[in-house]
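Let's take a friendly walk through a protein chain and see how some of its side chains pair up. Have a look at the structure, then read on.

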Amino acid sequence: MVSVEKVPNLDVLIDQASSRFVDTVAEIVNSDDGGVHGDGIARVVFTGGGAGIKLLSRLVRAKTLDWSRIHVFFGDERNVPVYDPESNEGQARYALLNHVHIPEANIHGYRAGSTTLEDAAENYARAIEQFAPQGFDLHLMGMGPDGHINSLFPHSKQLAERDQLVVAVKDSPKPPAERITLALPAVARAREVWLLVSGSEKAPAAHQLIAGTVSDEWPVTLIPELADTVLFITEDAATSPEI
């Protein structure tokens, strides 16, 4: 099932998503038994991309969040060091994590660029099993014009993965070619997935999602089969009458 939150523009999308993020996470961390693990610790997957990073930048203002009770993961990562401008973790640190009081031990990055892609994927899967064995409270997610999510692209072999939580990508059609990504079994562990979609170029993929298509041609359409999904979408991306 997809719940649609249609908004006029990206600024309003960020306003609504950030407010809802604060309310959702605060409810978890302000309770001793909150969250999917029942321990009052929120486990959240961050996303890169324009909307994703804008959302993180906005969360710097959220003074009421207790970041010591939040564990951060990443949907995917390019095979670059964290200080590289293309690193999702690096961008998240610059936009948010360097500006809040979150323990370094609560930030779970892929450590890309320091080992092989396969080893990085295995290490990250072990980190998930250690720090989020029951799954994630929230998985923030962007979407490409082709409907790709994380680094799971149309008709890619990674979409067929049904066991591994994390997989290596060596032939991404979107540069850089080498990446590491959460696979669909990890996405299925999320209580909720929030899709942040803005831009007229995203309209065809958004139409497929809302229409109920389920196809490897549009990876985003696989998400509602796995987790409760909230689509935050701007008017320019919502050109179909079904939206």
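This report covers salt bridges and then two residues from the early part of the chain. Please keep in mind that the model is predicted.

**Pairs of charged side chains**

Side chains of opposite charge can pair when their charged atoms come close. In this model, the count of salt bridges is seven. The table lists three pairs among them, with the distance between their closest N and O atoms or from N to O.

| Pair | N and O distance | Citation |
|---|---|---|
| E89 and R93 | 2.9 Å | |
| R93 and E104 | 2.5 Å | |
| E118 and K170 | 2.7 Å | |

Start with E89 and R93. Both residues belong to helix α3, which covers residues 88-95, and they sit four residues apart, about one turn of the helix. Are these two residues buried or exposed? Both E89 and R93 are buried. For R93, the reason is its relative accessibility of 16%, because buried means under 20%.

R93 also forms a salt bridge with E104. This pair links distant parts of the chain: R93 is in helix α3, while E104 is in the loop between α3 and α4, with eleven residues from one to the other. Which residues are joined into one network by salt bridges that share partners? They are E89, R93 and E104.

Now turn to E118 and K170, whose side chains meet in a salt bridge. Here, too, distant parts of the chain are linked: E118 lies in helix α4 and K170 in the loop between β6 and β7, 52 residues apart. E118 counts as partly exposed because its relative accessibility is 35%.

**Two residues from the early part of the chain**

M1 is found in the segment before β1. With a relative accessible area of 76%, M1 is exposed. Apart from neighbours within four places in sequence, M1 is in contact with P224, D228 and T229. How far apart in space are M1 and G113, C-alpha to C-alpha? The distance is 37 Å, and in sequence M1 and G113 are 112 residues apart.

P8 has its place in the loop between β1 and α1. This residue is partly exposed, since its relative accessibility is 47%. Setting aside neighbours within four places in sequence, P8 is in contact with T234 and E235. Along the chain, P8 and A237 are 229 residues apart, yet 9.9 Å separates their C-alpha atoms.

Definitions and conventions:
Residues are numbered from 1 along each chain as its sequence is written. This is a predicted model: local features need pLDDT of at least 70, side-chain atom pairs count only at pLDDT 80 or more; totals for chains, interfaces and linings use all residues. Side-chain values use heavy atoms; hydrogens and water are left out. A salt bridge is a side-chain nitrogen of Lys or Arg within 4 Å of a carboxyl oxygen of Asp or Glu. Helices (H or I, at least four residues) and strands (E, at least two) are DSSP runs, numbered from the N terminus. Buried means under 20% relative accessible area, exposed over 50%, partly exposed in between (1.4 Å probe, protein chains only). Contact means heavy atoms within 4.5 Å.
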